[in-house]
Amino acid sequence: MQIDANKFDTIARGPFAPVYPLLASQILARSSITNGVCLDLGSGGGYLGLALAFRSRLRVCLLDESDDMRMIAEQNIAEHQLDNRVVAICGDVHNIPLKSGSVNLVVSRGSIYFWNDLAQVLREIWRVLAPGGQVCIGGGFGSKELREEIIRKMREKEPDWQPKCRGFGDDHFYDAIKVAGIPDAGLLKDESGTWVVFSKPFDLPLQTVSSDFATACEYK
Ligand SMILES: C[S@@+](CC[C@H](N)C(=O)[O-])C[C@H]1O[C@@H](n2cnc3c(N)ncnc32)[C@H](O)[C@@H]1O
């Protein structure tokens, strides 16, 4: 995916800015995971991951395939003085450069619509997820009111602007869940958006660590 990082960041810092703290609070309340490692997939400027770090003791890994986005995320980490708990790395969600069983909470907002092979990403998420870990990936605005406000603001500049989620029916997600074989995964559809949610039971054995690539990029 080619992204104009600066253009996207202007939008994230502008109309979308109130979404991230709201979603972070909702995710923390729902998961009760406030310690350990959080992975934000397709993190852009890192605003969701940073909002989660602010509200918890989580160490957060921001992963994005765009190096321009990673650089913006690094500036944001420094700006918020979260260098000791948040790191931005460049990588593809289809081949997550982290060790198996190393992540307690996986989140993602607005990136899922760009992934070529959702089933492969779900397999990778399952691999890196620690026993007891939880996943909340999808898209949304946090509330109906925010969604309406953002659409209004975006259309002031781009009259035809539509949320990216349009055109992704529930089957797209259910099919990928089935292909990936993720047990007990489901869709959470509420005012905050549409999210694929699942967790890994505590009593599953850790899977094998994958590759040198994973080891080289091991989360500090
Ligand atoms: C619409 S932006 C959302 C950014 C951020 N999550 C947010 O809500 O502000 C989508 C992001 O997903 C990233 N992305 C898309 N496909 C990806 C992939 N295969 N691997 C990693 N990142 C990806 C893009 O580079 C972009 O930064």
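In which helix is the place of L23? In this predicted model, L23 sits in helix 2, which spans residues 19-31. With a relative accessible area of 1%, L23 falls under the 20% cut-off and is therefore classed as buried. Its C-alpha atom is 8.7 Å from that of L52, a residue 29 positions away in sequence.

L52 belongs to helix 3, where it is one of the buried residues. The other buried members of helix 3 are Y47, L48, G49, L50, A51 and A53. Helix 3 covers residues 47-54, and because 7 of its 8 residues are buried, the helix is largely enclosed by the rest of the structure. In general, an α-helix has 3.6 residues a turn, so residues three or four places apart point the same way.

The ligand is surrounded by 20 residues, of which the closest are Y20, G42, D64, R109 and S111. By class, this shell is made up of 8 nonpolar, 8 polar and 4 charged residues. Polar contacts to the ligand involve both backbone and side-chain atoms, as the following pairs show. A polar backbone atom of R109 lies 2.7 Å from a nitrogen atom of the ligand. For V93, the distance between a polar backbone atom and a ligand nitrogen atom is 3.1 Å. An oxygen atom of the ligand is 2.7 Å from a polar side-chain atom of S111. On its own the ligand has 590 Å² of accessible area, and the protein covers 96% of it. R109 and S111 thus appear both among the closest residues of the shell and in the polar pairs, R109 through its backbone and S111 through its side chain.

A further site was examined by pocket detection. In general, rolling a probe the size of a water molecule over the atoms shows where empty space is left. The second largest pocket has a volume of about 250 Å³. Its lining comprises 19 residues, and those closest to the pocket centre are G139, R147, C165, G193 and T194. Two or more lining residues come from each of helix 6 (144-157), helix 7 (170-180), strand 6 (186-190) and strand 7 (193-199). By class, the lining of this pocket holds 5 nonpolar, 7 polar and 7 charged residues.

Helix 6 also contains I151. The relative accessibility of I151 is 14%, under the 20% limit, so this residue counts as buried. The C-alpha atoms of I151 and W161 are 7.4 Å apart, with a separation of 10 residues along the chain.

Backbone geometry was considered next. Most residues other than glycine have a negative phi, and most peptide bonds are trans. S32 is not a glycine, yet its phi is positive, at about 60°. S32 is placed in the loop between helix 2 and strand 1, the latter spanning residues 37-41. Its relative accessibility of 56% is over the 50% threshold, so S32 is exposed. A positive phi, of about 50°, is also found for Q81, likewise not a glycine. Q81 occupies the loop between helix 4 (67-79) and strand 3 (86-90). The relative accessible area of Q81 is 67%, and this residue is therefore exposed.

Two other loop residues were characterised. R57 is located in the loop that runs between helix 3 and strand 2 (59-64). R57 is exposed because its relative accessible area, 62%, is over 50%. The C-alpha atom of R57 lies 9.1 Å from that of V37, and the two residues are 20 positions apart along the chain. F114 is in the loop between strand 4 (103-109) and helix 5 (118-128). At a relative accessible area of 32%, F114 is partly exposed, since this value falls between the limits of 20% and 50%. The C-alpha atoms of F114 and C90 are separated by 16 Å, with their positions 24 residues apart in the numbering.

Notes:
Residues are numbered from 1 along each chain as its sequence is written. This is a predicted model: local features need pLDDT of at least 70, side-chain atom pairs count only at pLDDT 80 or more; totals for chains, interfaces and linings use all residues. Side-chain values use heavy atoms; hydrogens and water are left out. A residue is near a molecule or strand if one of its heavy atoms lies within 4 Å of it. A polar contact is a pair of N or O atoms within 3.5 Å; within protein, one must be able to donate a hydrogen and the other to accept it, and residues adjacent in sequence count only if both atoms are side-chain atoms. Accessible areas come from the Shrake-Rupley method with a 1.4 Å probe; for residues, only the protein chains shown count as cover. Ala, Val, Leu, Ile, Met, Phe, Trp, Tyr, Cys and Pro count as nonpolar, Asp, Glu, Lys and Arg as charged, and the others, Gly among them, as polar. Buried means under 20% relative accessible area, exposed over 50%, partly exposed in between (1.4 Å probe, protein chains only). Helices (H or I, at least four residues) and strands (E, at least two) are DSSP runs, numbered from the N terminus. On a 1 Å grid over the protein atoms alone, a cavity is a set of points where a 1.4 Å probe fits but cannot get out, and a pocket is an open set with protein on both sides within 12 Å along at least five of seven lines; lining residues have an atom within 4 Å of a point. Grid points are joined across faces, edges and corners, and a volume is the space filled by probe spheres set on the points.
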